[in-house]
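Trainee: I have a structure to read and many labels to check. Can we go through them one by one?
Mentor: Yes, bring up the sequence and the model.

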Amino acid sequence: MKAVQLLGHGGLEQLAYRDVPVPTPDKGEVLIEVSACGMNNTDVWVREGAYGSDTDPATVSTWRRGRSTLEFPRIQGTDTVGTIAAVGEGVSPERVGERVIVDFSIYNRPEGDNSLADIDYIGHGRDGGYAEYTTVPAENAYVVNSDISDAELATFCCAYLTGEQMLDRARLAKGERVLVTGASGGVGSAIVQLARVRGAVPYTVTSRGKEAAMRDIGAEATVLRGEGDLVESVAAVTNDAPIDVVADLVAGPMFNDLLRILKPEGRYTTAGAISGPVVQLDLRTMYLKQLELHGSSQGTRVAFRRLVDYIEQGRIKPLLDRTYRLSEFHQAQQAFMDKSYVGKLVVVPDRKWDIVGAPYAK
């Protein structure tokens with residue numbers, strides 16, 4: 001089969017489109033014929049080894065840092081959608097032919113234990129969906145009863161689970177106001193929709209030219225990143241109403257301003273730092289305002305099942321900007337890093353292009 005393998009840490013040259021053997025499902029697993037796989041920041045950060053260490057943020061390190069399960073070559077890709085083509089021992093053969101979306105998390109804990117302390121993910125601890133076929137634990141393959149396309153379905157997995165976990169951690173409730181940074185990206189745009197599902201009111205921080213797109217997905221109002229004083233701009237669009245939660249995916253120089261924007265006893269939650277992971281923090285802002293700070297990554301089985309329900313009920317919608325052939329992976333990841341889109345980019349195996357990818361190509 002064709003696949004994109006990550007050969008080591010470095011630039012795009014470390015990603016090779018090549019022939020590899022079709023995997024065989026082990027006991028309790030299914031083989032999926034992949035039809036679409038969404039792209040995520042984690043793909044890039046793992047390739048670059050950009051996670052640093054506890055003592056040196058410049059150290060080349062992968063996700064999970066000192067306890068990494070990454071081995072090279074690795075097929076990345078978390079947001080896998082496809083059809084079950086075969087099953088391993090202990091899995092009902094009746095599952096063959098099911099269209100499924102993959103919960104990409106490797107929980108390493110039994111059902112009912114929602115701790116994420118030892119979590120890993122498909123595409124890092126084992127091969128993922130940037131391939132024509134992949135294997136996953138049968139319990140991670142969920143049938144979704146929806147008429148949206150495979151390419152659209154592949155926009156939900158990582159971004160929406162990450163966003164839902166962030167809001168769970170921050171306990172965002174009906175009627176509360178949440179400020180979302182990086183709102184045009186996969187996770188940010190997911191949070192805007194997920195906040196509306198909860199009955200909360202989302203405000204967004206994004207770049208010029210994306211304001212209309214933010215309104216279309218549910219933003220109450222938008223402030224422009226890097227244009228004017230952030231604290232004053234947020235106060236202006238909210239008419240000085242308090243911000244209960246900040247859901248931050250940007251960090252960098254705006255971090256302390258985001259804490260200033262929060263109301264007393266407000267909650268800050270983050271799952272990313274695209275503008276810089278090392279920030280300045282005035283601890284007085286934190287303790288005098290009685291703030292809560294939450295780190296978040298991925299999500300629980302319970303949260304993923306909730307997302308499947310939202311998809312089936314039509315309460316969240318796919319934001320598919322465009323698709324790329326798997327053989328165009330370098331171009332696709334460069335476009336992803338350029339961030340000149342709203343929502344998600346999705347990669348489709350070449351053999352599936354005419355059916356899955358072509359309608360969404362640009």
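**Checking the labels**

Mentor: Start just after α1, where G49 has a positive phi of about 65 degrees. Keep in mind that this is a predicted model.

Trainee: Which residues of helix α1 are buried?
Mentor: Helix α1 covers residues 41-48, and T42, D43, V44, V46 and R47 are buried there.

Trainee: What do the buried residues of α1 pack against?
Mentor: They pack against β1 (2-6), β2 (15-19), β7 (120-121) and α10 (329-338).

Trainee: Why is T80 called buried?
Mentor: Buried means under 20% relative accessible area. T80 has 2%, so T80 is buried.

Trainee: Where is T80, and what is T80 in contact with?
Mentor: T80 sits in strand β4, residues 79-87. Leave aside its neighbours within four places in sequence. T80 is then in contact with V34, A36, C37, V100, I101, V102, G129, T134 and C157.

Trainee: Now the charges. Why is the pair R351 and E33 called a salt bridge?
Mentor: The rule asks for a side-chain nitrogen of Lys or Arg within 4 Å of a carboxyl oxygen of Asp or Glu. For R351 and E33 the closest N and O atoms are 3.6 Å apart, so the pair forms a salt bridge.

Trainee: What makes this a link between distant parts of the chain?
Mentor: R351 is in the loop between β17 (344-348) and α11 (353-357). E33 is in strand β3, residues 29-38. The two are 318 residues apart.

Trainee: Is R351 buried, partly exposed or exposed, and which of these is E33?
Mentor: The partly exposed class lies between 20% and 50%. R351 has a relative accessible area of 48%, so R351 is partly exposed. E33 has 18%, which is under 20%, so E33 is buried.

Trainee: How do you know that K352 forms a salt bridge with E33?
Mentor: The closest N and O atoms of K352 and E33 are 3.4 Å apart. The limit is 4 Å, so the pair counts. K352 lies in the loop between β17 and α11 and E33 in strand β3, so the pair ties together parts 319 residues apart in sequence. Both K352 and E33 are buried.

Trainee: What makes R306 and E164 a salt bridge?
Mentor: Their side chains meet at 2.6 Å, N to O. That is within 4 Å, so the rule is met. R306 is in helix α9 (residues 301-313) and E164 in helix α3 (residues 157-170), 142 residues apart.

Trainee: Why is R306 called partly exposed, and why is E164 called buried?
Mentor: R306 has 23% relative accessibility, so R306 counts as partly exposed. E164 has 1%, so E164 counts as buried.

Trainee: Which residues do shared salt-bridge partners join into one network?
Mentor: E33, E132, R351 and K352.

Trainee: How many salt bridges does the rule give?
Mentor: The count comes to 25.

Trainee: Last, the whole protein. What is its secondary structure?
Mentor: The protein has 11 helices and 17 strands.

Trainee: Why is the protein called as compact as a globular protein of that length?
Mentor: Its radius of gyration is 20 Å. The globule rule gives 21 Å for 362 residues. The values are close, so the label fits.

Trainee: How much of the protein is buried?
Mentor: Of the 362 residues, 56% count as buried.

Terms used: Residues numbered from 1 in each chain as written. Predicted model: local features only at pLDDT ≥ 70, side-chain atom pairs only at ≥ 80, totals over all residues. Heavy atoms only, no water. Helix = DSSP H or I, 4+ residues; strand = E, 2+ residues; numbered from the N terminus. Rg over C-alpha atoms; globule rule 2.2 N^0.38 Å. Buried < 20%, exposed > 50% of the residue type's maximum accessible area, 1.4 Å probe, protein only. Contact = heavy atoms within 4.5 Å.
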